[in-house]
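Got your viewer open? Let's take a walk through this one, a stop at a time.

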Amino acid sequence: MELLKERILREATIINQDVLKLDALLNHQVDPQLTLEMGKEFARLFAETPITKVITVESSGIPVAFTTAMALNVPLVFARRKKTLIADPDSYSERVPSFTKGIVTDIMVSRQFLTEQDTVLFIDDIIANGDAARGLIKIIDRSGAKLAGLGIVVEKSFQAGARTIREQGIRVESLARIASLEGGKIRFET
Ligand code: 5GP
């Protein structure tokens, strides 16, 4: 998505060769117009799949998941993050390491909001090693819901997350794919 790539070049900050600060667009401030365009683009990319729900993990995935759900006219479910989770028979949970915070959190989805009747589109902000995504994919699997695919705003394709998920046969669509942050420069996949 050209508009998004332009905004990344203008507004992102390179922290080091692995991490890009995207607070101006995704993780601290949100541009409603740009987020609306991203949602429409995901809805267009998955238009041929009969999706019943959009799903994401709180918190930075929520705005773009919301605009996607709005464009598809379906509900949005967001997995909650909990510090420590007491086993709850009414919910699915998975332990996921956090790429940026260096901690482990539990993510949970109530059984009430994810059932085998659902076909879900999983939307997220950034994919690095794919731990967060794999956690939610396990929850989706256990619920019996079908996974239409993943819509990712920024894929860092020099890290293995998206590739390993594609290798599982899951469709992953990214709006911007970053090939490298080396030398203090953002290079997109061509
Ligand atoms: P993963 O589980 O794929 O390794 O990391 C996914 C999560 O870590 C993303 O949802 C995002 O919140 C955070 N993350 C990973 N890499 C970056 C990065 O380069 N910049 C920012 N801002 N967040 C990142």
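Start by colouring the strands of this predicted model: eight of them make an open sheet, ordered 5-6-4-3-7-8-9-10, with mixed pairing. As a reminder, strands in a sheet pair through backbone hydrogen bonds, either parallel or antiparallel. Now look at the edges, where you'll find strand 5 (91-97) and strand 10 (187-188). Each has a single partner strand, so one side of each has no neighbour in the sheet.

Stay with strand 5 and add strand 6 (residues 104-110): the two run antiparallel, joined by seven bridges. To see the register, pick Ser93, which sits opposite Met108 in strand 6.

Next, select helix 5 (residues 131-143), which packs on the sheet. Among the strands helix 5 touches are strand 3 (53-57), strand 4 (76-82) and strand 8 (146-156). The direction of helix 5 makes about 160° with that of strand 5.

Now for the inside. Which residues touch the most other members of the largest nonpolar core? Show Val54, Val120, Leu121, Leu136 and Val153, out of 50 residues in that core. Strand 7 (residues 119-127) gives the core its largest share, six residues. Zoom in on Val54: leaving aside residues up to four places away in sequence, its contacts include Ala65, Leu72, Val74, Val120 and Ile123.

Finally, zoom out to the whole chain, with its six helices and ten strands. The radius of gyration is 16 Å, close to the 16 Å the globule rule gives for 190 residues, so the chain is as compact as a globular protein of that length. Of those 190 residues, 38% count as buried.

Technical notes: Residues numbered from 1 in each chain as written. Predicted model: local features only at pLDDT ≥ 70, side-chain atom pairs only at ≥ 80, totals over all residues. Helix = DSSP H or I, 4+ residues; strand = E, 2+ residues; numbered from the N terminus. Rg over C-alpha atoms; globule rule 2.2 N^0.38 Å. Buried ≥ 20, exposed ≤ 12 C-beta atoms within 10 Å, placed from the backbone. Core = buried A, V, L, I, M, F, W, Y, C linked by C-beta atoms within 7 Å. Contact = placed C-beta atoms within 7 Å. Pairing = 2+ DSSP bridges. Axes fitted to C-alpha atoms, helices over the stretch in contact; angles between N-to-C directions.
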